[in-house]
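Here are a few notes to read alongside the structure. Have it open as you go, and look up each residue when its name comes up.

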Amino acid sequence: MATGWTRLAIWAARVICGIEYRIEGWENLPNGPAILLPKHQSAWETLWLPSVMPRRLSFVYKRELHWCRFSAGAGNAGMINIDRSKGENAFEQVAQQGSEHLRDDWWIVIFPEGTRTPPGSTRRYKTGGAAPRRAYQYAAVPIALNSGECWPRKAFIKRPGMITISIGKPIAPDGKSADELAALVESWIETEMRRLAPHRYAGPYAPPFELPREPTPA
């Protein structure tokens, strides 16, 4: 029922508001369990992801949402809540709850920026998004999208247009730290965002940190 509702919302956005979408890199989705790390610009992707992804999803969300009626449905649907006030320890709960879902071939969805960001802006990507993948050695899939162009954050009015979703190749762990993994995810998504929405950025992406080097083949 929940998935049916999200599909109806995406359909209504297309028919009523003229919001179309296209997917690039669908072939990059792994056959097994994975961690999906999408750019987060609007509510659109939270509806789109469970509507089209071929596996059951578990979203990671902030515990503050327990103050609204969202919490009961999220808990029953197998979502994972975290207490952000606990810092790095908050993601221990992601690892504990997420491991069971991953073993059952679910995909876990973590928005690495932690919140919705307007088009053209970037928040420092959080290391916690990569931690569960590093711990359990599952694929981390970066996803870039420009949904904020049509469905702005905190805006009632929607704009017709084409949303592009670009799915990157899974990033292998190879002994990288959580910080290094987060840096690689950020670099790929933010570089791709400049291709999807070049009018929003002044120039190419320049990471404020040194990216980890890939191992040299023997």
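The points below cover the nonpolar cores, one helix and one histidine in this predicted model.

1. Let's begin with the largest nonpolar core, which has 28 residues. The members that touch the most others are L36, W44, L49, M53, L57 and I165. Several elements each give at least two residues to this core, among them helix 1 (2–17), helix 2 (44–52) and strand 7 (161–167). In soluble globular proteins, nonpolar side chains tend to be buried together.

2. Try picking out L49 next. Which residues does L49 contact, once neighbours within four places in sequence are left aside? They are P38, L57, F59, V109 and F111.

3. There is also a second core, separate from the one above, with 18 residues. I35, A144, L181 and L184 are included in this second core.

4. Now follow helix 6, residues 178–196. With 19 residues at 1.5 Å each, helix 6 should span 27 Å, and its end C-alpha atoms are indeed 27 Å apart, so the two values agree. Of those 19 residues, 14 are buried, which means that helix 6 is largely enclosed by the rest of the structure.

5. Finally, find H40 in the loop between strand 2 and helix 2. Is H40 buried or exposed? H40 is buried, because its relative accessible area is 9%, and buried means under 20%. Its side chain makes a polar contact of 2.8 Å with the side chain of E45. Beyond its neighbours within four places in sequence, the contacts of H40 include T46, F111, E113 and R116.

Definitions and conventions:
Residues are numbered from 1 along each chain as its sequence is written. This is a predicted model: local features need pLDDT of at least 70, side-chain atom pairs count only at pLDDT 80 or more; totals for chains, interfaces and linings use all residues. Side-chain values use heavy atoms; hydrogens and water are left out. A nonpolar core is a set of buried Ala, Val, Leu, Ile, Met, Phe, Trp, Tyr and Cys residues joined through side-chain atoms within 4.5 Å. Buried means under 20% relative accessible area, exposed over 50%, partly exposed in between (1.4 Å probe, protein chains only). Helices (H or I, at least four residues) and strands (E, at least two) are DSSP runs, numbered from the N terminus. Contact means heavy atoms within 4.5 Å. The expected span of a helix is 1.5 Å times one less than its number of residues. A polar contact is a pair of N or O atoms within 3.5 Å; within protein, one must be able to donate a hydrogen and the other to accept it, and residues adjacent in sequence count only if both atoms are side-chain atoms.
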